[in-house]
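Could you walk me through this structure? I am new to it and would like a guided tour in plain words.

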Amino acid sequence: MSEIILDLPSQRATNQFGINISNLIEIGDIIYLSGEMGSGKTTLARSIIKNLLVSQYKDIEIPSPTFTLVQVYSCKDFNMGHADLYRIENSNEIDALGIEDILYNGAVLIEWPDKIKNKLNYNILEIKIKILNNSRTASIENIRGWEDRIRELEQQVIK
Ligand SMILES: Nc1ncnc2c1ncn2[C@@H]1O[C@H](COP(=O)(O)OP(=O)(O)OP(=O)(O)O)[C@@H](O)[C@H]1O
Ligand SMILES: [Mg+2]
């Protein structure tokens with residue numbers, strides 16, 4: 001198991017990390033975003049999505065999917081889903097969100113992924129964010145198919 005830890009000392013650093021991740025995402029990828037409330041899961045997701053949008057849509061609002069549960073963005077090369085499972089009470093409800101449909105020609109970011117009982121059979125990267133006052137650390141773990149890409153992430157400097 002490969003796990004790396006990155007420092008995210010500012011929101012700017014989180015945004016840069018999001019850009020680095022977005023450059024590695026492929027169709028069929030799932031990214032789990034874990035961490036307590038306010039740790040920066042949506043902030044990171046916004047940066048990833050923004051960097052993948054075509055230039056004329058770069059300034060659209062990217063809301064937290066806490067209430068809609070899932071949002072889909074049509075990006076440059078593929079669709080990008082953004083889900084938040086916080087309000088899911090029964091893991092059966094997850095099937096109705098259509099996450100697997102998005103993965104057919106896109107990738108999905110999932111906040112509060114611990115609600116998923118059976119690990120989905122896709123390439124999965126898990127990012128766990130921890131709060132340290134105004135700073136954050138991100139521990140990054142390959143669940144499936146991210147071994148080489150995780151090493152690339154480790155080598156990219158975040159300021
Ligand atoms: N280094 C940092 N990286 C990301 N966010 C930071 C950082 N430092 C401070 N913040 C602040 O932390 C907050 C993170 O909020 P965000 O909505 O992204 O969290 P979340 O993990 O998605 O929460 P929730 O569980 O409620 O969905 C923002 O207000 C942001 O400005
Ligand atoms: Mg959030």
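Here is a tour that begins at the ligand and then moves out to some side chains and turns of the backbone.

One thing to keep in mind is that this is a predicted model. Let's begin with ligand 1, which has 16 residues around it. Gln11, Thr14, Lys41, Thr42 and Thr43 are the closest of these. If you sort the shell by residue type, you get three nonpolar, nine polar and four charged residues.

Now zoom in on the oxygen atoms of the ligand. The side chain of Lys41 has an N or O atom 2.7 Å from an oxygen of ligand 1. Gly40 takes part through its backbone, with an N or O atom 3.0 Å from a ligand oxygen. Glu111 uses its side chain, where an N or O atom is 3.2 Å from an oxygen atom of ligand 1. On its own, ligand 1 has 650 Å² of accessible area, and the protein covers 73% of that. Which elements give two or more residues to this shell? They are helix H1, running over 11–22, and helix H2, running over 41–52. H2 gives the most, with three residues.

Next, follow the chain to Trp112, in the loop between strand S5 (106–111) and strand S6 (123–132). Trp112 is not a glycine, yet its phi is positive, at about 55°. Trp112 also has a ring partner. A pair of aromatic rings is described by how far apart the centres are and by the angle between the planes. The model has a count of one aromatic pair. The ring centres of Tyr86 and Trp112 are 4.9 Å apart and their planes meet at 55°, so this pair counts as tilted. Tyr86 sits in the loop between strand S4 (79–84) and helix H3 (99–104), while Trp112 is in the loop between S5 and S6, so the pair ties together parts that lie 26 residues apart in sequence.

Stay with Tyr86 for a moment. Is Tyr86 buried or partly exposed? Its relative accessibility is 38%, so Tyr86 counts as partly exposed. The ring of Tyr86 has another neighbour too: the charged end of Lys115 sits over it, 5.7 Å from the ring centre.

A charge over a ring turns up again with Arg149, which is part of helix H4 (residues 147–155). Arg149 lies over the face of Trp146, 3.7 Å from the ring centre. With a relative accessibility of 9%, Arg149 counts as buried because the cut-off is under 20%. What does its side chain reach in the backbone? The side chain of Arg149 comes to 3.1 Å from the backbone oxygen of Gly145. A polar atom of that same Arg149 side chain is 2.9 Å from the backbone oxygen of Leu24.

Two more stops are left. Leu69 is in the loop between H2 and strand S3 (70–74). Leu69 has a phi near 70°, which is a positive value in a residue other than glycine. Its relative accessibility is 17%, so Leu69 counts as buried.

Finally, look for Asp29 in strand S2, which covers residues 29–34. Asp29 is buried, at a relative accessible area of 1%. Its C-alpha atom is 4.9 Å from that of Ala107, although the two residues are 78 apart along the chain.

Methods: Residues are numbered from 1 along each chain as its sequence is written. Chains are lettered from A and ligands numbered from 1 in the order in which they are written. This is a predicted model: local features need pLDDT of at least 70, side-chain atom pairs count only at pLDDT 80 or more; totals for chains, interfaces and linings use all residues. Side-chain values use heavy atoms; hydrogens and water are left out. A residue is near a molecule or strand if one of its heavy atoms lies within 4 Å of it. A polar contact is a pair of N or O atoms within 3.5 Å; within protein, one must be able to donate a hydrogen and the other to accept it, and residues adjacent in sequence count only if both atoms are side-chain atoms. Accessible areas come from the Shrake-Rupley method with a 1.4 Å probe; for residues, only the protein chains shown count as cover. Helices (H or I, at least four residues) and strands (E, at least two) are DSSP runs, numbered from the N terminus. Ala, Val, Leu, Ile, Met, Phe, Trp, Tyr, Cys and Pro count as nonpolar, Asp, Glu, Lys and Arg as charged, and the others, Gly among them, as polar. Buried means under 20% relative accessible area, exposed over 50%, partly exposed in between (1.4 Å probe, protein chains only). Rings of Phe, Tyr and Trp (its six-membered ring) pair if their centres lie within 6.5 Å; planes under 30 degrees apart count as stacked, over 60 as edge-to-face and the rest as tilted. A charge sits over a ring if NZ of Lys or CZ of Arg is within 6 Å of the ring centre and within 35 degrees of the ring normal.
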